[in-house]
Structure formats: structure tokens, C-alpha cells
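Grab a viewer and work through these exercises with the coordinates open. Each one sets a task and then walks through a solution.

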Amino acid sequence: MFRLSMIADEPAYLLLTMDGVKIDPIVDELGGGGARIVCAKDFDRFDEGQIVGPAVLVLQDEGMPVVYPVVKWKRWPVIGLEFMDISEKDRKMILRFLFKIERRMIQQSSKTASRRRPR
């Protein structure tokens, strides 16, 4: 499955509430079927195998699909989530978003490379 590291301006984030507490993890890596999040403050609220949804995945300029994450693994402060029962429409929205981010990264790296070339 296609996965992509998120760039510094945090274009994706997860709106998640657990036991009435709003959790604000950083989406470190995103794919069509899951995400890797960094969540130091609330790390102990997560357990392997735990369903932590529904949650809203906010994709900058693309949309807000509802996802049902399950904790696949955790190594402080990083947690691996798999999205269960994701609709084809929402998966396509995530992939469209990832391809847009990838294009932006390629454009940025080609601009940087063209500035480095000797004239």
C-alpha cells in the first residue's frame, strides 16, 4: 500500500476523542489503509488491538473522511493505526490527497536542485 511521510506544514491530522478526552496526534505518515501518528502526551491511552474510532481524518484542501482506526503497534511516542471498514470513496480521497502532497514534494525538490546547479 502506498504510504507517504507528511511534510512539515502538517497537511493531515486526526480529530480523535477517547473517553471524552480530545487527543491531538500528529500524523507522521499516511497511507490509503492507515497512518503512523506521534502522540507522546496521550501515548498510554492507546493499546494494541484497540479500536479508537470513529475519528475524522482532516486532509488539507481535500476533505474530511471518517475513519475507524485500530492500533496495530506502538513504540513510544509513535503509534501505527490501520483504518478498518474504510469506504472506497474515502480511500480514493486519501490517495488523491497523497498524490497531491507527493507532487508538491517533487516540485519543491526540483526547485531546490535547480538553485544548486552552477551556472
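**Exercise 1. Find the hubs of the largest nonpolar core and say which elements build it.**

Step 1. Keep in mind that this is a predicted model. Its largest nonpolar core has 27 residues, and the members touching the most others are Leu14, Leu30, Phe46 and Leu57.

Step 2. Now sort by element: two or more core residues come from each of S2, S4 (26-31), S5, S6, S7, S8 and H1. The top contributor is H1, with five residues.

Step 3. Zoom in on one hub. Skipping anything up to four places away in sequence, Leu14 touches Ile23, Pro25, Val27, Ile37, Ala55, Val56, Leu57, Val67 and Leu81. Leu57, itself among the hubs, is one of those partners.

Step 4. For background, nonpolar side chains tend to be buried together in soluble globular proteins.

**Exercise 2. Put the core in the context of the whole chain: what is the order of strands and helix, and how much is buried?**

Step 1. Count elements: you should get eight strands and one helix. In sequence order they read β-β-β-β-β-β-β-β-α, with the helix at the end.

Step 2. Check burial. The protein has 119 residues, and 39% of them count as buried.

Step 3. Look at contact range. Take contacts between residues at least 6 apart in sequence; 61% of these join residues at least 24 apart.

Step 4. Finish with the surface: about 7300 Å² is exposed, and 52% of that comes from carbon and sulfur atoms.

**Exercise 3. Which nonpolar residues form a patch on the surface?**

Step 1. The patch is made by Tyr13, Leu15 and Met64, which together have about 290 Å² of accessible area.

Step 2. Take Tyr13 as a test case. It sits in strand S2 (residues 12-18), and it counts as partly exposed because its relative accessibility is 35%, between the 20% and 50% cut-offs.

**Exercise 4. Work out what Glu62 is doing with its side chain: which polar contacts does Glu62 make?**

Step 1. Locate Glu62 in the loop between strand S6 (55-59) and strand S7 (66-75).

Step 2. List its contacts, leaving out neighbours within four places in sequence: Met93, Arg96, Phe97 and Lys100.

Step 3. Pick out the polar ones. The side chains of Glu62 and Arg96 are joined by a polar contact of 2.7 Å, and those of Glu62 and Lys100 by one of 2.9 Å.

**Exercise 5. Scan the backbone for cis peptide bonds and for positive phi at residues that are not glycine.**

Step 1. Start from the baseline: most peptide bonds are trans, and most residues other than glycine have a negative phi.

Step 2. Flag the cis bonds. From Gly53 to Pro54 the bond is cis, with omega near 0°; Pro54 lies in the loop between strand S5 (34-38) and S6. From Trp76 to Pro77 the bond is also cis, with omega near -5°, and Pro77 is in the loop between S7 and strand S8 (78-84).

Step 3. Flag the phi values. Asp19 has a positive phi of about 50° and lies in the loop between S2 and strand S3 (21-23). Asp85 has a positive phi of about 50° as well, in the loop between S8 and helix H1 (88-116).

Step 4. Buried or exposed? Asp19 is exposed because its relative accessible area is 73%, and Asp85 counts as exposed at 75%; the cut-off for exposed is over 50%.

Notes:
Residues numbered from 1 in each chain as written. Predicted model: local features only at pLDDT ≥ 70, side-chain atom pairs only at ≥ 80, totals over all residues. Heavy atoms only, no water. Helix = DSSP H or I, 4+ residues; strand = E, 2+ residues; numbered from the N terminus. Polar contact = N/O pair within 3.5 Å; in protein donor to acceptor, adjacent residues only side chain to side chain. Contact = heavy atoms within 4.5 Å. Patch = residues over 30% accessible without salt bridge, like charges linked within 9 Å, V, L, I, M, F, W, Y side chains within 5 Å. Areas by Shrake-Rupley, 256 points an atom, 1.4 Å probe, with all protein chains shown as cover. Salt bridge = Lys/Arg side-chain N within 4 Å of Asp/Glu carboxyl O. Buried < 20%, exposed > 50% of the residue type's maximum accessible area, 1.4 Å probe, protein only. Core = buried A, V, L, I, M, F, W, Y, C linked by side-chain atoms within 4.5 Å.
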